[in-house]
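New to this one? Let's go through it by asking how each label was earned.

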Amino acid sequence: MVGLRVLAVDDEAPALDDLVHLLRADPRIGEIDTARDGAAALRRLDRALAEGRPIAAVFLDIRMPGLDGTVLGRVLAQFARAPHIVYVTAYEGHAVDAFEIKATDYILKPVRPERLGEAIRRVSESVGRGSDDQRPGGGAAGAEPEPPAEPESMPVELGGVTRFVAPAEVLYVEAQGDYARLHVPGGGSHLVRIPLAALEERWRAAGFVRVHRSHLVALSAIEELRLDSGRCTILVGGAELPVSRRHVRELRDLLVRKARPSR
């Protein structure tokens, strides 16, 4: 099997050398290009495309002079055949940027070999899934359509450590200005920097529905629907949440369909 062609980008030579050493030790990695800044990275990517051997993934530092990693990531995301982006950084505070750019992974320095190996596994699996579609005529005749991508997890900070909270772990979401508070079982919550409307769009496929201008709820987490004197509320994880009038009918229909046994 031909290894992945990747690009490592870091403005600090020792950090770049360490990253290249770790990448070279993984059998899934083939050719490794390097760059010391964002502009050089773009030139390397353009050259790879011209050679007909595009780069599969960019392992990218964030804080660099000139074109930094978050700006470069947004540029790369616009490519027709965008490479996978794996951020490799000493700074925890950019996880939300990585989420918005749809980065494949986010690794904190100093890089541990096993953590880098997990990122390479994610890239390899994504590249493998995508390769089935890159055949003449758009793929093999009669091939099964790819299942929809899983809804994205949200990065949260816990005691100085960034972890990703999956939609399945969340009962409901509460709007707080430009932020959203994710409520999880046991009464805990996480505040993340994303508007409720954006999260509603991203988590719709995971079964989340808007019940109020301030609340997004996992349909599977609704324990009760209460109607009292024209006022509608739901019980979710022990919390009673309001349902606005414009959402009542849609919510009742969804709950009925969910409860109806399949034939």
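Q: Why are α2 and α3 called roughly parallel to each other?
A: This is a predicted model, and in it the axes of α2 (residues 38-50) and α3 (residues 69-76) cross at roughly 25°. Angles under 35 degrees count as roughly parallel, so that label fits α2 and α3.

Q: How do you know that α2 and α3 come together, and which residues make the contact?
A: Their axes come within 10 Å. On the α2 side the contact is made by G38, A41, L42 and L45, and on the α3 side by L72, V75 and L76. Contact here means heavy atoms within 4.5 Å.

Q: Which hand does the crossing of α2 and α3 have, left or right?
A: α2 passes α3 in a right-handed crossing. The word goes with a near helix turned clockwise from the far one by less than a right angle.

Q: What makes β13 and β15 the edges of their sheet?
A: Look at the order first: this open sheet of three strands runs β13-β14-β15, with antiparallel pairing. β13 (222-228) and β15 (239-243) each have a single partner strand, so one side of each has no neighbour in the sheet. As for twist, neighbouring strands here are turned by 25° against each other on average, direction ignored.

Q: How do you know that β14 and β15 pair?
A: Count the bridges: five of them join β14 (residues 231-236) to β15, and the two strands run antiparallel. Pairing takes at least two bridges, so β14 and β15 pass that test. To see one residue pair, find V236, whose bridge partner in β15 is A239.

Q: Why does H247 count as buried or exposed?
A: H247 sits in helix α7 (residues 245-259). Its relative accessibility is 9%, and buried means under 20%, so H247 counts as buried.

Q: What does H247 touch beyond its close sequence neighbours?
A: Leaving out residues up to four places away in sequence, H247 touches R210, V211 and H212. With R210 there is also a polar contact to look for: the H247 side chain reaches the backbone oxygen of R210 at 3.3 Å, and the cut-off for such a pair is 3.5 Å.

Q: How many helices and strands does the protein chain have, and what share of it is buried?
A: There are seven helices and 15 strands. Of the 263 residues, 40% are buried. And for contacts between residues at least 6 apart in sequence, 52% join residues at least 24 apart.

Conventions: Residues numbered from 1 in each chain as written. Predicted model: local features only at pLDDT ≥ 70, side-chain atom pairs only at ≥ 80, totals over all residues. Heavy atoms only, no water. Helix = DSSP H or I, 4+ residues; strand = E, 2+ residues; numbered from the N terminus. Axes fitted to C-alpha atoms, helices over the stretch in contact; angles between N-to-C directions. Buried < 20%, exposed > 50% of the residue type's maximum accessible area, 1.4 Å probe, protein only. Polar contact = N/O pair within 3.5 Å; in protein donor to acceptor, adjacent residues only side chain to side chain. Parallel < 35°, antiparallel > 145°, perpendicular 65-115°, else oblique.
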